[in-house]
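Visitor: I'm new to this one, so could you walk me through it slowly?
Guide: Gladly; please have a look at it before we start.
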Amino acid sequence: MRRISLSRYLIEEQRDKGRIDADLRLLIEVVARACKRISLAIGKGELGGVLGSAGSENVQGEVQKKLDVLSNEILLEANEWGGHLAAMASEEMEEPHPIPNRFPKGEYLLVFDPLDGSSNIDVNVSVGTIFSVLRCPEGCEPGEAAFLQPGCEQVAAGYALYGPTTLLALTLGAGVALFTLDRELGSFILTGDKLQIPAETQEFAINMSNQRHWEEPMQRYVGDLLAGVDGPRAKDFNMRWVASMVADVHRILTRGGVFMYPLDARIAGQGGKLRLLYEANPMAFIVEQAGGAASDGHQRILDIQPQRLHQRIPVVLGAKNEVATVVAYHRGN
Ligand code: AHM
Ligand code: MG
């Protein structure tokens with residue numbers, strides 16, 4: 001593997017492969033730079049005074065952590081002035097964030113969950129940033145309607161994982177590349193390319209404590225996994241749950257598996273737990289680009305037409321054959 005920097009990787013994608021234009025290259029560079037700042041802030045922990053609650057709530061009524069607010073501000077500030085964006089939308093803000101008039105505007109829309117898995121911050125467990133890039137439809141004001149595009153329209157998506165190492169996974173629609181942050185150099189260096197998720201797996205990720213609230217097909221599916229070698233699946237399954245989607249999805253990109261956050265009777269009214277635009281779509285794009293699949297239990301996530309900016313949906317993603325099995329249980333097969 002050529003140990004090239006993210007900058008060189010993006011230049012080659014633009015100049016040699018013609019896959020991206022200069023604005024998209026700049027956009028990804030700026031997002032990556034913002035992720036480095038977030039990584040630094042997280043790394044300081046208690047010493048940086050960034051742990052704990054911010055004393056506010058976001059649009060979904062969830063308590064915001066100081067790092068939720070800080071990460072959101074870092075991403076907004078970094079991306080406002082470059083001239084590559086028409087607007088941004090964030091899990092932490094009710095309305096899309098327009099580009100201030102003093103700056104030029106571009107044709108892209110940036111969507112992000114600035115700090116995913118933030119319940120893990122205070123216990124020093126991995127968290128991440130998830131982002132997705134869309135084109136602003138021509139002649140469309142960059143308000144909420146501009147963002148309501150199905151995930152198959154994404155031109156890029158990625159996540160930064162703030163774990164023992166800080167990683168950046170990126171897709172530009174032609175496979176998934178992985179970069180590791182060299183903390184001394186301050187650069188993301190290519191350490192994985194064309195990542196592939198094996199079609200079969202014996203490992204699943206789900207919050208088992210919600211079992212009694214799931215719909216019948218999911219109860220039956222997980223029940224059959226737990227029955228192991230003596231059950232209908234005739235093999236033993238292992239389970240992992242970090243409760244940071246970025247970390248759980250990254251494990252699946254690294255060693256396979258299936259991740260599920262199904263519909264739950266307590267949250268059925270809101271459609272699920274995870275957000276379509278900020279979490280499900282970018283992760284579904286990445287997983288499909290690595291040969292996996294992503295479904296809401298019935299249909300391909302990337303085909304879903306969003307109705308609202310903060311829409312939530314059930315999510316099943318990872319090993320292609322295992323996702324197909326979950327869909328088959330939902331069909332009653
Ligand atoms: P967040 O964006 O508010 O952090 O919520 C999303 C997170 C995901 O990272 C993770 O998969 C899930 O919520 C964990 O939920 P739970 O605490 O119910 O296990
Ligand atoms: Mg999140």
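What follows is a conversation about the chain as a whole, its strands and helices, and its ligand.

Visitor: What kind of model is this?
Guide: This is a predicted model, and it is worth keeping that in mind throughout.

Visitor: How many helices and strands are there in the protein chain?
Guide: The protein chain has 8 helices and 17 strands, and its C-alpha trace spans about 65 × 45 × 45 Å along the principal axes.

Visitor: And what about the radius of gyration?
Guide: For 333 residues, a compact globule would have a radius of gyration near 20 Å, and the protein chain, with 19 Å, agrees with that. Of those 333 residues, 46% are buried.

Visitor: What does UniProt list for residues 5-191?
Guide: An unreviewed UniProt entry gives them as "domain: Fructose-1-6-bisphosphatase class I N-terminal". Over that stretch the chain is 28% helix and 32% strand, and its end C-alpha atoms lie 10 Å apart.

Visitor: Let's turn to the strands. What is the order of the open sheet?
Guide: The open sheet has 8 strands in the order E4-E3-E5-E6-E7-E8-E9-E10, and the pairing is mixed. Strand E4 (97-98) and E10 stand at the edges with a single partner strand each, so one side of each has no neighbour in the sheet.

Visitor: Is E6 enclosed or open to the outside?
Guide: Strand E6, residues 127-135, has 8 of its 9 residues buried, so it is largely enclosed by the rest of the structure.

Visitor: Which strands pair with E6, and in what sense?
Guide: Strand E5 (residues 108-116) is joined to E6 by 7 bridges and runs antiparallel to it, with Asp 116 standing opposite Gly 128 in E6. Strand E7 (residues 156-162) also pairs with E6 in the antiparallel sense, over 7 bridges, and there Phe 131 has Gly 158 in E7 as its bridge partner.

Visitor: What comes after E7 in the pairing?
Guide: E7 pairs with strand E8 (residues 166-171) in the antiparallel sense over 6 bridges, and the bridge partner of Ala 160 is Leu 168 in E8.

Visitor: Switching to the ligand, which residues are around ligand 1?
Guide: They are Glu 62, Asp 113, Asp 116, Gly 117, Ser 118, Ser 119, Asn 207, Ala 243, Ser 244, Met 245 and Tyr 261. By class, this shell has 3 nonpolar, 5 polar and 3 charged residues. Asp 116, which we met opposite Gly 128, is one of the residues in the shell.

Visitor: Where does ligand 1 lie relative to the domains?
Guide: Domain 1 (6-193) and domain 2 (203-330) both contribute residues to the shell, so ligand 1 lies between them.

Visitor: Where is Ala 243, then?
Guide: Ala 243 sits in the loop between strand E12 (238-239) and helix H6 (245-255), and it has a positive phi of about 75 degrees although it is not a glycine. With 15 other C-beta atoms within 10 Å, Ala 243 is partly exposed.

Visitor: Is H6 enclosed or not, and why?
Guide: In H6, 8 of the 11 residues are buried, so the helix is largely enclosed by the rest of the structure. Among the buried ones are Met 245, Val 246 and Leu 253, and H6 is followed by Gly 256, whose phi is positive, near 90 degrees.

Visitor: Which other residue has a positive phi although it is not a glycine?
Guide: Lys 194 does, with a phi of about 50 degrees, and it is found in the loop between strand E10 (187-192) and strand E11 (203-205). Lys 194 is exposed, with 12 other C-beta atoms within 10 Å.

How values were computed: Residues numbered from 1 in each chain as written. Chains lettered and ligands numbered in written order. Predicted model: local features only at pLDDT ≥ 70, side-chain atom pairs only at ≥ 80, totals over all residues. Near = placed C-beta within 6 Å. Nonpolar A, V, L, I, M, F, W, Y, C, P; charged D, E, K, R; others polar. Domains from an automatic or database assignment. Helix = DSSP H or I, 4+ residues; strand = E, 2+ residues; numbered from the N terminus. Buried ≥ 20, exposed ≤ 12 C-beta atoms within 10 Å, placed from the backbone. UniProt positions renumbered as here; feature names shortened; annotations may be inferred. Pairing = 2+ DSSP bridges. Rg over C-alpha atoms; globule rule 2.2 N^0.38 Å.
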